[in-house]
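Open the model in your viewer and keep the selection tool ready. Each stop below says what to pick and what is there.

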Amino acid sequence: MTLKPVESVIELLSQHGNSQYGGEAVTQAEHALQSGLIARKKGYPPTLIAACLVHDIGHLLHHLPDDAPDQGIDDFHEELGAGWLGQNFLPETVEPVRLHVAAKRYLCSKEQGYLEGLSGPSLLSLELQGGPMSVSEMTDFENNPYFESAIALRRIDEEAKIPGLATPSPSDFKMELAASLKSKV
Ligand SMILES: [Fe+2]
């Protein structure tokens, strides 16, 4: 089995993950590792644990500043990340990553209090990402086969911002990442 894509993910998180997570109190790597850990604790399948771990990897693939949203710039990290991951990883991992911003827009329309509970940076990026979904956008989204897993990922995304929480290292997720590869030979 070629583990090169798995190693690339681990390297990105290890080498470039110490940048600030868009104005939050944790770094990109802390946010990613907390996301993977929470998904594990919830007993999610390996492909979704891997999705949680890598959902923001798009932020590590560009050279825009950490405070891009403050400057009115949407980095489209969900598409960037999904495009990069899609070369080697299964849709069960890639699609929730692609949809995690849509899931935020959906929950802002669907659930009372969700929008009010967003952090400042998340609220700021929401504006750039199109704001809460319209009714027809919500219906389309609910019909997406990866709707449930995108919502599950999004809820973990909101949770995984705990300053100082102890987490495993990126390489500790090797097994889940390997299980999420398209090619296992
Ligand atoms: Fe995130």
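**Stop 1: α2 against α9**

Select α2 and α9, which cross in a right-handed sense. This is a predicted model. Helix α2 covers residues 28–41 and helix α9 covers residues 147–159. Their axes lie 9 Å apart, at an angle of about 125°. α2 and α9 are therefore oblique to each other.

Now show side chains. From α2, pick His 31, Ser 35, Ile 38 and Ala 39. From α9, pick Ile 156, Asp 157 and Glu 159. These residues make the contact. Colour the contact of α2 with α9 by class: 3 residues are nonpolar, 2 polar and 2 charged.

**Stop 2: α3 against α9**

Keep α9 and add helix α3, residues 46–54. At what angle do the axes of α3 and α9 cross? They cross at roughly 45° and come within 10 Å. That makes α3 oblique to α9. The crossing of α3 with α9 is right-handed.

Select Leu 48, Ala 51 and Cys 52 on α3. They meet Ser 149, Ala 152, Leu 153 and Ile 156 of α9. By class, the contact of α3 with α9 has 6 nonpolar residues, 1 polar and no charged. Ile 156 is a side chain to leave on display: it is listed in the contact of α9 with α2, and also in the contact of α9 with α3.

**Stop 3: the nonpolar cores**

In soluble globular proteins, nonpolar side chains tend to be buried together. Here, the largest nonpolar core has 31 residues. Select Val 9, Leu 53, Val 54, Ile 57, Leu 85, Phe 89 and Leu 177, which touch the most other members. Then switch on the helices that each supply at least two residues of this core: α1 (4–16), α2, α3, α4 (77–85), α5 (91–110), α9 and α10 (174–179). Which helix gives the most to this core? It is α3, with 7 residues.

Centre on Val 54. Setting aside residues up to four places away in sequence, Val 54 touches Val 9, Leu 85, Thr 93, Val 97 and Leu 177. Next, pick out a second, separate core of 15 residues. Among its members are Leu 99, Cys 108, Phe 141 and Ala 150.

**Stop 4: Lys 161**

Go to the loop between α9 and α10 and select Lys 161. Is Lys 161 buried or exposed? Lys 161 is buried, because its relative accessible area is 15%, under the 20% cut-off. Show its surroundings. Apart from neighbours within four places in sequence, Lys 161 contacts Tyr 21, Glu 24, Val 26, His 31, Gln 34, Ser 119 and Ser 122. You have already picked His 31, as part of the contact of α2 with α9.

**Stop 5: Val 135**

Select helix α8, residues 135–142, and find Val 135. With a relative accessibility of 66%, Val 135 counts as exposed. Draw a distance from its C-alpha atom to that of Lys 182: the separation is 35 Å. Along the chain, Val 135 and Lys 182 are 47 residues apart.

**Stop 6: Phe 76**

Finish in the loop between α3 and α4, at Phe 76. Most residues other than glycine have a negative phi. Phe 76 is not a glycine, yet has a positive phi of about 50°. Its relative accessibility is 48%, so Phe 76 counts as partly exposed.

Key. Residues numbered from 1 in each chain as written. Predicted model: local features only at pLDDT ≥ 70, side-chain atom pairs only at ≥ 80, totals over all residues. Heavy atoms only, no water. Axes fitted to C-alpha atoms, helices over the stretch in contact; angles between N-to-C directions. Helix = DSSP H or I, 4+ residues; strand = E, 2+ residues; numbered from the N terminus. Parallel < 35°, antiparallel > 145°, perpendicular 65-115°, else oblique. Left-handed = near helix turned anticlockwise from the far one by under 90°. Contact = heavy atoms within 4.5 Å. Nonpolar A, V, L, I, M, F, W, Y, C, P; charged D, E, K, R; others polar. Core = buried A, V, L, I, M, F, W, Y, C linked by side-chain atoms within 4.5 Å. Buried < 20%, exposed > 50% of the residue type's maximum accessible area, 1.4 Å probe, protein only.
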